[in-house]
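Biologist: I would like to talk through the cavities and cores of this model with you. Shall we look at it together?

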Amino acid sequence: MADEVKIIEDVEIENEEVSKETLGSADIVIADSIAPDVIPLVPLYDRPLFPKMMAPVVVGKNEQSQALLKAVESASNYVGLILAKSDQQTASQPPEEIQLPESMDDLYKVGVVAKVMQVSGTKDGHYMHMMAQVVERFEIKDLLSAKPFLRARVEYRHEKKVDNTDEMKAYAVSIINVIKELVNMNPLFKEQLGLLMGQVNVNQPGMLADLSASMTTSSGEELQAILEILDVKERIERVLVLLKKEIEISKLQSKINKRIEERLSTQQREFFLKQQLSEIKKELGLSKGDQETELEKFQKRLDKLKLPTEEVKDRINEEMDKLKVLEPSSAEFNVTRNYLDWLTILPWGVTTEDNRDLKKAARILNRDHYGLDDVKERILETISVGVLKGDLSGSIVLLVGAPGVGKTSIGQSVAKALNREFYRFSLGGMRDEAEIKGHRRTYIGAMPGKFIQAMKSCKTSNPVIMLDEIDKIGASFQGDPASALLEVLDPEQNKDFLDHYMDVRFDLSNVLFICTANQLETIPGPLLDRMETIRLSGYILEEKLEIARKYLIPKQLKAHGLKKEQVKLTKPILREIIDGYAREAGVRNLENNIKKIFRKSTKEIVTNEVKQVEVKKKDLPDILGRRMFSEEKVYKRPKAGVVMGLAYTSMGGATLFIEANNVTSKGPGFKQTGQLGKVMVESSEIAYSYMRSILTKKDESKFFNENFIHLHVPAGATPKDGPSAGITMACALYSLVKNQPIIKNIAMTGEITLTGLVMPIGGLKEKVIAAKRAKVSTLVFPSENEDDWKDLDDHIKEGLTPHFVSRFDEVLKICFPGK
């Protein structure tokens with residue numbers, strides 16, 4: 001739409017007419033025109049206008065504006081222009097979106113009346129420009145209406161007449177001189193000065209003050225204060241203050257511009273000189289020197305980084321200056337170059353954007369792992385915190401569990417769920433502190449530690465770093481790596497991690513650390529205290545079956561180049577493999593057995609060109625060897641002196657039989673075998689002493705006095721320790737003395753005291769899983785472990801009957817009913 005320009009009288013108004021009677025009848029003569037005392041108002045949202053100014057006023061082209069223009073026409077083309085207060089100012093909004101003030105509290109009381117000379121439409125047709133000639137000041141006496149436009153009763157305020165004294169001339173000359181000074185400092189004022197000189201002279205101090213104020217960059221509130229002053233002398237003094245402030249701003253701008261121009265000219269000069277030098281070298285056939293090549297490489301890297309501190313910037317600049325003066329053939333050159341290479345390749349301030357979609361993260365975790373609900377829940381909690389905080393700060397998580405339960409692989413899934421890079425290294429057997437904190441650069445072949453290497457490899461400062469086998473970290477004369485880890489795994493310290501090689505601080509606080517361990521006993525206390533421990537228990541048969549079907553078999557089919565229909569592994573066959581060959585807590589042996597089956601199947605398919613290999617139960621011994629786990633045939637029927645106990649080892653939960661036997665001798669005696677640790681030996685002695693204290697009948701005392709009792713815990717080659725077999729040993733001794741077998745299908749765990757109290761134990765979930773693998777249905781636990789039992793998943797507790805006891809006599813009632 002072309003620009004539309006119309007005289008105000010020609011504008012078509014679609015709304016109902018607003019007559020002069022509606023606006024008011026009282027008239028005032030201003031500049032040979034008649035202005036009513038009731039006029040429509042247009043709020044200004046940036047700065048006020050002053051009398052004798054000509055300026056465009058923008059309004060939206062809508063029904064409201066049409067009604068306003070009609071009212072202006074009815075008011076002899078006069079309109080009131082008044083500044084809205086700061087909390088109402090919305091100058092950045094399009095005119096059609098501005099909410100008009102609805103009360104006097106939203107407006108200043110003093111404004112100006114203006115004669116609308118013409119109205120023009122913009123090309124896009126959205127706005128209207130009113131060209132207004134400002135005439136005189138007014139003061140609002142009453143706001144008559146706010147809709148569809150502002151309408152107010154006003155009183156015109158005339159400037160106080162001043163005598164043309166020498167003082168007033170001096171004020172006027174001062175204003176003109178200040179403006180001339182501004183022109184010298186800022187040429188943009190030159191045009192405004194020309195306009196000013198063409199409109200006023202020293203004999204019109206009031207107009208001079210008004211127009212001078214309008215030239216400044218002062219705020220709307222400051223200019224409104226000038227507008228409200230009627231006394232000319234006072235107004236000129238206030239305007240002079242604003243002009244002086246404008247001079248100070250111009251001086252500051254001049255200094256800034258000069259400084260920027262000097263910097264640009266220096267950079268341009270250096271650029272042209274480098275270009276000339278480069279061309280000269282090309283003409284002479286000279287290649288770049290090693291220093292120049294390396295420095296350019298480092299500079300390109302730095303241009304892409306945001307260095308966090310002045311310390312890092314100063315160190316890099318210092319090393320680059322050093323490299324410029326070193327001979328490429330010197331040893332120091334290579335040391336400095338390698339150091340700069342590390343300084344500039346680290347991801348200073350570079351991070352990947354975290355995934356904050358909980359549903360997506362949960363899908364990834366469930367896709368990659370079966371079970372492990374505690375770990376998944378902890379990761380989702382971390383993401384939830386990040387969503388609320390705006391960032392995912394680093395955390396330290398310790399996963400404890402038997403081998404093969406998925407501790408290491410869960411780290412990769414966590415990295416995928418968070419959309420972060422993943423880096424893993426093993427601490428098992430690490431004995432040198434420098435592996436953690438790096439070597440000093442004075443040594444030949446010095447390198448940064450593992451954490452700085454991880455930052456370089458991941459190219460981001462917020463990866464997921466997995467510290468595998470933290471319970472197997474060592475110590476030697478070269479230092480204690482566990483102590484060096486204290487700084488790394490402390491959220492309060494690792495934001496300023498200092499590597500010996502780098503010798504500048506690097507922020508590790510955004511890293512998510514995941515540590516893994518088989519047991520807690522070998523981890524130093526201060527290190528363990530810095531980590532949140534999550535236990536990963538072993539899997540029962542049904543869980544292993546699902547893991548094999550959903551994860552292990554598809555993975556190994558792909559690894560062996562097989563299709564699903566080429567090998568048939570039914571559920572009964574998988575159950576037999578799990579029960580007979582892979583009863584351990586994890587699934588590593590199960591996966592190895594599946595690999596064996598697929599290797600044999602691949603050979604069968606290639607050799608005999610069969611389309612499908614069906615694995616049957618009778619084939620398993622030929623493929624996997626003889627069954628590794630079998631029913632305990634010896635104790636299929638209970639025997640006096642033999643009781644099943646439950647143990648928790650670094651390999652997970654396990655069942656073990658405690659055997660007690662007697663040999664006739666001339667006196668009492670007690671012996672333990674089976675590679676028992678000191679704590680377990682003491683526990684057996686407590687059980688023996690307690691049995692002697694409660695079995696005091698004549699025949700019972702005679703049994704103890706005339707028999708040497710031997711307590712054995714198979715398997716003899718496996719070390720065992722801990723107090724949790726106390727009630728099991730006591731039951732075995734009771735069964736032996738009474739010559740009465742314990743009831744069928746029962747296993748127990750609990751520490752015993754000399755007074756017969758049953759104390760709580762650890763690893764209850766692992767022990768329950770071990771009992772379920774052994775097809776035991778009745779379990780005896782300390783009463784203080786009842787809450788641990790309630791926390792177990794229902795599918796683990798299914799088919800099991802627990803008994804919770806606080807004293808040993810309760811154990812006897814369960815194991816020997818009727819006694």
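Modeller: Gladly! Let us begin with the lining of the largest cavity, whose residues divide into 3 nonpolar, no polar and 3 charged. This is a predicted model, in which local features need pLDDT of at least 70 and side-chain atom pairs count only at pLDDT 80 or more, while totals for chains, interfaces and linings use all residues. Residues are numbered from 1 along each chain as its sequence is written, and side-chain values use heavy atoms, with hydrogens and water left out.

Biologist: What makes a residue of that lining nonpolar or charged?

Modeller: The lining consists of I540, L541, I578, D579, R583 and R773. Ala, Val, Leu, Ile, Met, Phe, Trp, Tyr, Cys and Pro count as nonpolar, Asp, Glu, Lys and Arg as charged, and the others, Gly among them, as polar. I540, L541 and I578 are therefore nonpolar, and D579, R583 and R773 charged.

Biologist: Why is that space called a cavity?

Modeller: On a 1 Å grid over the protein atoms alone, a cavity is a set of points where a 1.4 Å probe fits but cannot get out, and lining residues have an atom within 4 Å of a point. The largest cavity holds about 40 Å³, a volume being the space filled by probe spheres set on the grid points, which are joined across faces, edges and corners. The count is 2 cavities of 30 Å³ or more.

Biologist: What lines the second largest cavity?

Modeller: V375, R378, I379, V397, L399, I410, V414, I514 and I534 do, around a space of about 30 Å³. This lining has 8 nonpolar residues, no polar and 1 charged. α12 (373-389) supplies at least two of its residues, as do β10 (396-401) and α13 (407-418); the largest share, 3 residues, comes from α12. Helices (H or I, at least four residues) and strands (E, at least two) are DSSP runs, numbered from the N terminus.

Biologist: What makes a set of residues a nonpolar core?

Modeller: Such a core joins buried Ala, Val, Leu, Ile, Met, Phe, Trp, Tyr and Cys residues through side-chain atoms within 4.5 Å, buried meaning under 20% relative accessible area with a 1.4 Å probe, protein chains only. The largest has 54 residues, and F451, I465, L467, I470 and L489 have the most contacts inside it. Apart from it lies another core of 53 residues, including L418, L541, L562 and L569.

Biologist: Which residues does F451 contact?

Modeller: With contact meaning heavy atoms within 4.5 Å, and neighbours within four places in sequence left aside, the partners of F451 include F425, I436, I465 and L467.

Conventions
On a 1 Å grid over the protein atoms alone, a cavity is a set of points where a 1.4 Å probe fits but cannot get out, and a pocket is an open set with protein on both sides within 12 Å along at least five of seven lines; lining residues have an atom within 4 Å of a point. Buried means under 20% relative accessible area, exposed over 50%, partly exposed in between (1.4 Å probe, protein chains only).
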